[in-house]
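Subject: The structure, and what turned up in it

Hi,

Here is the structure we talked about, with the sequence alongside. Have a look at it first, and then read on for what I found.

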Amino acid sequence: MIFITAKFRVKDEHADRWPDIAREFTAATRAEPGCLWFEWSRSLDDPAEYVLVEAFRDADAGARHVRSAHFRAAQETLPRHLAETPRIVNTVLDQDDWSPLGEMAVRD
């Protein structure tokens with residue numbers, strides 16, 4: 001899978017509204033056949049920072065994502081709400097889901 005984590009630093013005046021601002025892009029991406037997950041979280045330390053964790057089945061699915069109409073629309077609409085260019089980690093993993101964190105296993 002293609003595994004991506006990106007940090008989005010949103011302008012302070014848009015930080016509380018970011019989930020609504022990104023809602024259409026998020027819904028369209030989640031509906032893509034090759035999208036495994038596309039999840040936003042808000043930083044506990046910086047309320048203007050959102051972290052996006054996303055995964056696509058393979059390189060073809062990732063390529064289709066960046067060529068999609070909703071990705072191009074997001075490139076036009078989302079940056080005006082950002083304080084800086086998002087930072088990203090992008091890698092390929094030989095798995096297709098989350099692995100259990102054995103060091104913190106929940107026991108019955």
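Let me begin with the pocket: the lining of the largest pocket divides into 18 nonpolar residues, 4 polar ones and 1 charged one. Please keep in mind throughout that this is a predicted model. The space in that largest pocket comes to about 450 Å³. There are 23 lining residues, and those closest to the pocket's centre are Phe8, Phe25, Glu54, His65 and Phe71. Strand E1 (2-9), E3, H3, H4 and strand E4 (87-92) each give two or more residues to the lining. Helix H3 supplies the largest share, with 5 residues.

To place those elements, here is the overall picture. The protein has 4 helices and 4 strands, and along the sequence they follow the pattern β-α-α-β-β-α-α-β. The C-alpha trace spans about 45 × 35 × 20 Å along its principal axes. Of the 108 residues, 35% are buried. If we take contacts between residues at least 6 apart in sequence, 73% of them join residues at least 24 apart.

Helix H3 deserves a closer look. Its buried residues are Ala61, Gly62 and His65. Seen down the helix axis, these fall within an arc of 100°, so they line one face of H3. Residues three or four places apart in an α-helix point the same way, because there are 3.6 residues a turn. On the other side of H3, Ala59, Asp60 and Arg67 are exposed. The cover over the buried residues of H3 includes H2, E3 and H4. At the N-terminal end, Asp58 acts as a cap for H3, with a side-chain oxygen 3.2 Å from the backbone nitrogen of Asp60.

Within H3, which residues does His65 touch beyond its neighbours in sequence? Leaving aside those within four places, His65 is in contact with Phe25, Thr29, Glu32, Glu54, Phe56, His70 and Phe71. His65 counts as buried because its relative accessible area is 4%, and the cut-off for buried is under 20%.

Helix H2 (residues 23-30) can be read in a similar way. Phe25, Thr26 and Thr29 are its buried residues. They too sit within an arc of 100° when seen down the axis of H2, so they line one face of that helix. Among the elements that cover them are strand E2 (35-42), strand E3 (49-56), helix H3 (59-67) and helix H4 (69-77).

Two smaller sites are worth pulling up on your screen. Thr5 is found in strand E1 and is partly exposed, with a relative accessible area of 22%. Thr5 and Ile88 are 83 residues apart in sequence, yet their C-alpha atoms are 5.7 Å apart in space. Setting aside neighbours within four places in sequence, Thr5 is in contact with Val51, Leu52, Val53, Arg87, Ile88 and Val89.

The other site is Ser43, in the loop between E2 and E3. A polar atom of the Ser43 side chain lies 3.1 Å from the backbone nitrogen of Asp45, and the Ser43 side chain also reaches the backbone nitrogen of Asp46, at 3.0 Å.

If you open just one view, I would suggest His65: this residue is among those closest to the centre of the largest pocket and belongs to the buried set of H3.

Happy to talk any of this through.

Best wishes

Conventions: Residues numbered from 1 in each chain as written. Predicted model: local features only at pLDDT ≥ 70, side-chain atom pairs only at ≥ 80, totals over all residues. Heavy atoms only, no water. Buried < 20%, exposed > 50% of the residue type's maximum accessible area, 1.4 Å probe, protein only. Arc of directions from axis to C-beta. Contact = heavy atoms within 4.5 Å. 1 Å grid on protein atoms, 1.4 Å probe; cavity = no way out; pocket = protein on both sides within 12 Å on 5 of 7 lines; lining within 4 Å. Points joined across faces, edges and corners; volume = space filled by probe spheres on them. Nonpolar A, V, L, I, M, F, W, Y, C, P; charged D, E, K, R; others polar. Polar contact = N/O pair within 3.5 Å; in protein donor to acceptor, adjacent residues only side chain to side chain.
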